[in-house]
Amino acid sequence: MNGLLSQIIKIFLPPRCIKCGAILSDDDGLCSKCFQELNFITAPYCYKCGHPFEQAASSKKLICASCAKKSKTPFRLNRSALCYDDISKDLILALKFMDKTENAKTLAKWLNMAGYDIWQEGVDVLVPVPLHYKRLIKRRYNQSALLVKELSKLTGIKADYTSLIKHKSTKPQVQFSGHERVKNVRGAFSVKHIEKIKGKRVVLIDDVMTTGSTLKECALALKSAGAKSVDTLTAARVI
């Protein structure tokens, strides 16, 4: 009965491309033309931070010069599905500010693929980068939490929406650059339910990684609460 109802709905409300609106034969999210315009991050990339290399002479786990210099980092691995450009930007901003919450389902599929190395290392819980309650009330939903919800369905990994909180209201990061971004979010996050985080391998989920300042502050809060490891997985990253 449910299958028949689904078919009837598709006849009158066929699935459409979430970018251009073209009618699709299947609920794939994007039409072939729009899909081909996307710039996915694929190997070779730094095994630690996930930054893509233009080319690599080896298929082994390579580390970029920046990661090789760092003696300490709160992250285990960083991965992103897409390069942040005009094409991915439209999809992400539509999810974030234009109520296109259906985009989360498609983006989560790509997060699942981009997270392969992280899944191989082992994960206990998915945690979204939180919004301050004032911004959450204004926006009505947290786009990162929507991504976690869909990704949890795909992977079967538990989601935790309440342990990591943003207790400090900050200005939007887009207003700042460089070191000012670091200062803006410093000390803005904390863990409310330490018992749910302690000893856990956590994956932080967000829409975009720009400088990584927000993700780093979240990771520091999680590590302070006793997280065994913290990985990051974002829909896109600025290259």
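Q: In this predicted model, which residues of H5 are buried?

A: Burial is read from relative accessible area, and a residue counts as buried when that value is under 20%. In helix H5 of this predicted model, the residues that are buried are Asn103, Ala104, Thr106, Leu107, Ala108, Trp110, Leu111 and Ala114.

Q: How many residues does helix H5 have, and what does it reach from its first C-alpha to its last?

A: One compares the end-to-end reach with the span expected at 1.5 Å a residue. Helix H5, which runs over residues 103-114 and has 12 residues, reaches 17 Å from its first C-alpha to its last, and this is close to the expected 16 Å.

Q: How is empty space found, and how much of it lies in the largest pocket?

A: Rolling a probe the size of a water molecule over the atoms shows where empty space is left. In this structure the largest pocket holds about 830 Å³ of space, and of the 37 residues that line this pocket, Lys96, Pro172, Gln173, Val174 and Asp207 are the closest to its centre.

Q: Which helices and which strand each supply at least two residues of that lining, and what is its make-up by class?

A: At least two lining residues come from each of helix H4 (86-97), helix H7 (133-139), helix H8 (143-155), strand E6 (201-209) and helix H11 (213-224). By class, the lining of the largest pocket comprises 15 nonpolar, 11 polar and 11 charged residues.

Q: What can be said of the second largest pocket?

A: The second largest pocket has about 510 Å³ of space, and among its 22 lining residues Cys49, Ser66, Lys70, Asn78 and Thr211 lie nearest its centre. Sorted by class, that lining has nine nonpolar, seven polar and six charged residues.

Q: Turning to the backbone, is the peptide bond from Ala43 to Pro44 cis or trans?

A: The angle to read is omega, which is near 5 degrees for the bond from Ala43 to Pro44, and this bond is cis. Pro44 itself belongs to the loop between helix H2 (32-37) and helix H3 (65-69).

Q: Where are Asp99 and Arg140 found, and what is the phi of each?

A: In both cases the value to note is a positive phi in a residue other than glycine. Asp99, in the loop between H4 and H5, has phi near 65 degrees, while Arg140, in the loop between H7 and H8, has phi near 80 degrees.

Q: Why does Asp99 count as partly exposed, and why is Arg140 exposed?

A: Exposed means over 50% relative accessible area, and partly exposed covers the range from there down to the 20% limit for buried residues. Asp99 counts as partly exposed because its relative accessibility is 38%, whereas Arg140 is exposed because its relative accessible area is 57%.

Notes: Residues are numbered from 1 along each chain as its sequence is written. This is a predicted model: local features need pLDDT of at least 70, side-chain atom pairs count only at pLDDT 80 or more; totals for chains, interfaces and linings use all residues. Side-chain values use heavy atoms; hydrogens and water are left out. On a 1 Å grid over the protein atoms alone, a cavity is a set of points where a 1.4 Å probe fits but cannot get out, and a pocket is an open set with protein on both sides within 12 Å along at least five of seven lines; lining residues have an atom within 4 Å of a point. Grid points are joined across faces, edges and corners, and a volume is the space filled by probe spheres set on the points. Helices (H or I, at least four residues) and strands (E, at least two) are DSSP runs, numbered from the N terminus. Ala, Val, Leu, Ile, Met, Phe, Trp, Tyr, Cys and Pro count as nonpolar, Asp, Glu, Lys and Arg as charged, and the others, Gly among them, as polar. The expected span of a helix is 1.5 Å times one less than its number of residues. Buried means under 20% relative accessible area, exposed over 50%, partly exposed in between (1.4 Å probe, protein chains only).
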